[in-house]
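Okay, everyone, thanks for coming. Today I'd like to talk about pockets and the ligand.

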Amino acid sequence: MINIVLFGPPGAGKGTQAENLILKYDLVHISTGEVFRKNIKEETELGLLAKSYMDKGGLVPDEVTIKLLKEVVDNKPNAKGFIFDGFPRTTPQAVALDKFLKEKTMSVSAMLALEVEDDVLVERLLNRGKESGRADDADESIIRNRIKEYYEKTAILKNFYSAQNKYFGVEGVGSVEEISERLYKVIDTL
Ligand code: AMP
């Protein structure tokens with residue numbers, strides 16, 4: 001079973017790369033951001049709560065996010081493996097994920113981190129906002145806040161997974177296929 005944590009700042013291309021990885025390795029893609037957006041669209045209680053944080057470019061509280069992640073994993077008992085996209089984003093989330101997977105005799109195989117410079121990220125996200133209509137991609141100050149949250153709360157997870165020899169950095173600039181090939185190369189050594 002392969003369980004990949006796809007990592008990188010907002011706009012690094014996690015969603016795009018996840019699409020190729022699920023096809024190649026027959027994995028289930030879990031994007032907490034997508035689940036939150038679906039809930040916002042359906043105007044659920046969770047969506048309402050998540051929106052209040054997402055609109056400012058902040059993180060949804062750990063307790064809420066961890067509970068959601070567990071539910072989504074539990075709903076896929078026959079999965080051959082998972083790609084976690086946008087989760088974990090904080091140390092408590094990473095600790096909870098390890099514990100939760102261990103209870104299911106599973107573990108994180110690797111964290112694959114897409115490395116992209118900030119200015120490229122902002123440009124990509126503003127362009128994506130024009131096409132997708134995502135509110136948090138339309139405003140540069142919200143984008144900058146998301147990147148700030150990433151460096152303050154999320155980037156530290158590099159140390160968390162490095163300590164377990166599970167961190168792999170991959171250059172996230174180039175064509176979609178080039179970047180996918182770099183990821184495949186790492187996954188095929190696992
Ligand atoms: P994403 O689609 O991964 O860029 O996530 C969009 C937004 O959803 C983030 O800016 C956060 O507000 C929220 N979000 C997604 N995943 C998480 C998470 N693991 N922890 C906290 N907030 C999250």
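Quick bit of vocabulary before we start: when I say helix or strand, I mean a DSSP run, with helices at least four residues long and strands at least two, numbered from the N terminus. And keep in mind that this is a predicted model.

So, the largest pocket. Its volume is about 980 Å³, and 44 residues line it. Nearest its centre you'll find Lys-14, Arg-37, Arg-128, Arg-134 and Arg-146. Several elements give two or more residues to that lining, among them helix H1 (14-25), strand S2 (28-31) and helix H6 (118-132). H6 has the largest share, with six residues. By class, the lining is eleven nonpolar, 20 polar and 13 charged.

Now, where does the ligand go? Into that largest pocket. There are 16 residues around the ligand, and Thr-32, Gly-58, Gly-86, Arg-89 and Gln-93 come nearest. For this shell, H2 supplies the largest share, four residues.

Let's look at some polar contacts. A polar side-chain atom of Arg-37 is 2.9 Å from a ligand oxygen. Gly-58 uses a backbone N or O atom, 2.6 Å from an oxygen of the ligand, while a backbone N or O atom of Val-60 lies 3.0 Å from a ligand nitrogen. As for burial, the ligand alone exposes 480 Å², and the protein buries 96% of that.

Last stop, the second largest pocket, at about 210 Å³. Arg-37 and Arg-134 turn up in its lining, along with residues including Lys-51 and Asp-55. The split there is three nonpolar, one polar and five charged.

Definitions and conventions:
Residues are numbered from 1 along each chain as its sequence is written. This is a predicted model: local features need pLDDT of at least 70, side-chain atom pairs count only at pLDDT 80 or more; totals for chains, interfaces and linings use all residues. Side-chain values use heavy atoms; hydrogens and water are left out. On a 1 Å grid over the protein atoms alone, a cavity is a set of points where a 1.4 Å probe fits but cannot get out, and a pocket is an open set with protein on both sides within 12 Å along at least five of seven lines; lining residues have an atom within 4 Å of a point. Grid points are joined across faces, edges and corners, and a volume is the space filled by probe spheres set on the points. Ala, Val, Leu, Ile, Met, Phe, Trp, Tyr, Cys and Pro count as nonpolar, Asp, Glu, Lys and Arg as charged, and the others, Gly among them, as polar. A residue is near a molecule or strand if one of its heavy atoms lies within 4 Å of it. A polar contact is a pair of N or O atoms within 3.5 Å; within protein, one must be able to donate a hydrogen and the other to accept it, and residues adjacent in sequence count only if both atoms are side-chain atoms. Accessible areas come from the Shrake-Rupley method with a 1.4 Å probe; for residues, only the protein chains shown count as cover. A molecule sits in a cavity or pocket if more than half of its atoms lie within 2 Å of its grid points.
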